[in-house]
Every structure is written in C-alpha cells, then in structure tokens.
Amino acid sequence: MAAQSLSEPMDLRAIDFNFTVEQINRLAEEATNEYNAILDKVAKQPRPTFENTIVPLARWYNEITELVTASGLRYFHPDKQICDASAEADNKFMGCVIEGYMRLDVYKAVRYVYDDQEEMIMLSAEDKRLVETIERQFRKNGLQISSKKRALLSKAKKRLVQLEDEYALNSAACSYVLFTREELDGVSENDIAGMAVVYEDGVEKHAVSTNVFVYNRVMRYAKREETRKRLYVACGKESLKNIAYIQEAVELRLEIAKLLGYESHAESVFEGRMVKSADEIIDMYEELRRRLSKHIDAEMDRLTAVKKADMLAEGREYTGFFEWDYYYYSYVTSEKKRDMFEIEGNQYFPIIEIGCKLIDIFEGMLGLYIIPAQEPNVWHPDVEMFEVWEADEKSKRETFTTFSLRRGCQRPDGSREFPAVIVNAVFPKPTEDKPTRLSFDNLEMLMVLFGQAFATLCES
C-alpha cells in the first residue's frame, strides 16, 4: 500500500532549511503582522463563538511553519549570521505573542466563549479543553489584574524569554581544550580519530570539544586526573556564563507569580495539572532523598577507596575525591563489565547500519514506511531527511529530529498538515578508514531519540 501511495500526488508543504538573513527577518515581520491581524479580528467579533474566536487563535501557529523552522536554526546552523538572525526573529515574534496574550479586548472575547455554557456543553471534550487552555493562557498573562501590574508583568515576561534564549545558546556553545596523545591515555582510538589535530609549538595535539558527547567520553576514560580536571574546568567556564541568567530568571519567575496572585512559581505551574501543590513534589523528593542517601554514601565510599588505591600504586598523595573523578571511577568500578562491548563489541555497531536497523524496527512496530527524501534542502551536507508514510494509508510525513518543526493538524480547507521533527545527535565524523561506531550508551541514546521522534510523528 505504501508503494502505491508514493505514486499519488500529495498535498504536502516541503521543509526548506535554506534561509538568508533577509528571508528570516521577513518571515518574522510577516508572522507578527498576521498574528496581530488575527487578534484584531477576534477582538471585533460582535458575538464570539468557538469557531470565530477559539479556532483562529489555535490555528495560527500551524500556519507559520517557515518561521518555526527558521527560528530553530539558532541551535545548530553552522553560520553565525544565520544563528543570530534566527535568535532575533524568535525574540521578536515571541515578544509579539506575549503582547497578544495580554490584550484585554481579545481576552474578553475568549472569556465570552468560556462563560457561554450553552455552547461549551455542545463541544467535544477535546474542544472544551482547548477553550479552557486558551482562557488560562490569557488569564495567566494578568488580564484579571490592574493595568499597572499588567505592564510590569509584560516587561518581566519579555525579559524572561530573552534569558531563556540566551541560556540555550550559551549551553549549545562549545570550546576546545588541547591535549597530547599521552594526556588522553585511556581514551579509545575511535574517539581520538574524530578529534581535530592541532600543532602547538611543534607538538601534535588533539582538540577535545566540551560538547556533551565528547566531554562524557573523555571524562569517563581518561586515566590522567589532570586531563579530566582541565576539561572539567573548561566546561565549567562555559557554564559560568549562565549563572547570572539563572539567578535573574528565578527572580523574574517569582515576580511574575506574585503579580498573578500565586505564592510561588511552582504554584502557578501546577494549575491545570495532576499535581496540585508544591508540597506534594517536595514530599516526593524528600522521600527519594531519604531512600537514596545510604546508597549514595556507600557508593562514594567505594569510589573513594578505588581512587586512594590508585594514588598509592602510583606513589602519589591522595588529596580528595573531586567532581572530575566521578565519571572515571564510576566506570572503573561499575562499567568495566561492559569492557568487551566498549573495546571490541562496538566494531559491530557502525552508526549507518544501526540507523537503518532502527528505522526497520520502528517501521514494523508502528506500521510505517520510511524512505530517504529526494534532494532535501537542509542546512548541512551531513544532515539526512526521511519521509515517513503510514503503511496502511495514503498519507506522508517528513521527519528530521526531536525538535518539533510542525504539528499535525487539519487545515481550514479540510486538507491535512503533516508533522515534522528533527533528530539531532552529535557523533564523531567517520574517517576514511574507520566508520563512526556506537558505544552502548550511544546506542541507547539513539534509540531514545528515534522513539521520541516517531512518538511525535504518530501522536496525531
């Protein structure tokens, strides 16, 4: 059935990642104008209903796929100008959205539908929940508080969006630390082969990235404590940039909650969810801490004993157990039972073959038909795009990663919009004589990513 479906014309908007700075700026401007026009139309409805008020507010996001795609480029595009334009466009549009959710005239229309019990009782459970969700989104933007407090709330929310974006960009940034081959003793040749070679004062060194994949591998396998310490400190310096953002964000969240009449940020988040109070979460954490504390103490004693034995064998003084020691000694004491897989077994798990096998698994498990996209417009030659079809129906979806690009929905003309996601994983590039091979942890992570991606694609 899938093969037959492929020959029939499909109404599917292709995803294009080739944007210029000017195009990104234009998309942000057009989306902002379109959103404001929808808000103006809703606010002027003489008699608000589900169809003329709630539906347009819920549907507008589905019509800005290009902007959502362009604004996502800030996390992984190799061109800094594109990343900066993407971040600026996202900030501009999200600022517009925040202002939209603070328009009292629009909220009055939404509230009219919410209070219209005759119409609400006729809605399906899903549509009724949609009305309740949109009403709560507006209410949480201060439309039941004074105009003075509402102005303060708007300012705080816009600043919080900027902080969240800066935090994400800083977290994604990577630096490099140079090590000689001797300093990387214990790190596998497969990992080192993926590192750039740099000559410093005539000495060949390997550039170790602070991205999470490379960092975890080196911290786990590098035998020299000084190597682990240098990499840990370098990664920590990157994180220092975010401390001020976190501190300000915590203060802003509390300020926002207080302006809305909540005692804490947690209390405002729990509304509409299964958990009804912060005390329930605190009690759960305290119980977990109580149960785990004795195991944590025993684990630390075990790790410390192993390091002391290492220092004694090397004739060095034991000076303490530090954070840069944890990954390595955790591996030494617990993970070595997987040595055979890590050292020799992973030669049977090259990433290309594993990727194909995972696709086969999800095809059979979820009833899908997956094929490579033809001539996809992507941001980097290493990126692969696939088309995902339902094996039993004439429908097609494009997939890309666990970053959701487009939600599945029904368009105003009755046709179907299909979802799209991005699976973004960082692995070393293969060399001419050696393919990229997956460790057991990598394999687990890749399976999780695939599972998340296909869950997103199939949920609609």
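Here is a walk through three helix pairings and one small set of cavity findings in this structure, which is a predicted model.

Let's start with helix α2 (residues 21-43) and helix α5 (residues 80-100), whose axes lie 9 Å apart and pack at an angle of about 5°. Angles under 35 degrees count as roughly parallel, so α2 and α5 are roughly parallel to each other. On the α2 side, the residues that meet α5 are V21, I24, N25, A28, E29, A31, T32, Y35, N36 and L39. Facing them from α5 are Q81, I82, A85, S86, A89, K92, F93, C96, V97 and G100. Sort this contact by class and you get twelve nonpolar, six polar and two charged residues.

Next, look at helix α3 (residues 50-59) and helix α8 (residues 125-139). Here the angle is about 70° and the axes are 11 Å apart. That angle falls in the 65 to 115 range, so α3 and α8 are roughly perpendicular to each other. Their crossing is left-handed. From α3, the contact takes in F50, I54, L57 and A58, while α8 brings D127, L130, V131, I134 and F138. Class by class, that makes eight nonpolar residues, no polar ones and one charged.

Some of these names turn up again when you go looking for enclosed space. Rolling a probe the size of a water molecule over the atoms shows where empty space is left. Across the whole structure, the search turns up two cavities of 30 Å³ or more. The second largest has a volume of about 30 Å³. So which residues line the second largest cavity? They are Y35, L57, W60, Y101, I134 and F138. You've met Y35 already in the α2 contact with α5, and L57, I134 and F138 in the contact between α3 and α8. The lining of this cavity consists of six nonpolar residues, with no polar and no charged ones.

Finally, move along to helix α9 (residues 147-172) and helix α13 (residues 243-259). Their axes come within 9 Å and cross at roughly 150°. Since angles over 145 count as roughly antiparallel, α9 and α13 are roughly antiparallel to each other. This crossing is left-handed. The α9 side of the contact is K149, L152, L153, A156, K157, R159, L160, L163, E164, E166, Y167 and N170. From α13 come Y245, I246, E248, A249, L252, R253, E255, I256 and L259. The class split for this contact is twelve nonpolar, one polar and eight charged. Among the charged residues here are K149, R159 and E164 of α9, along with E248 and R253 of α13.

Notes. Residues are numbered from 1 along each chain as its sequence is written. This is a predicted model: local features need pLDDT of at least 70, side-chain atom pairs count only at pLDDT 80 or more; totals for chains, interfaces and linings use all residues. Side-chain values use heavy atoms; hydrogens and water are left out. On a 1 Å grid over the protein atoms alone, a cavity is a set of points where a 1.4 Å probe fits but cannot get out, and a pocket is an open set with protein on both sides within 12 Å along at least five of seven lines; lining residues have an atom within 4 Å of a point. Grid points are joined across faces, edges and corners, and a volume is the space filled by probe spheres set on the points. Axes are lines fitted to C-alpha atoms, for helices over the stretch in contact, and angles run from 0 to 180 degrees between N-to-C directions. Helices (H or I, at least four residues) and strands (E, at least two) are DSSP runs, numbered from the N terminus. A crossing is left-handed if the near helix is turned anticlockwise from the far one by less than a right angle, and right-handed if clockwise. Contact means heavy atoms within 4.5 Å.
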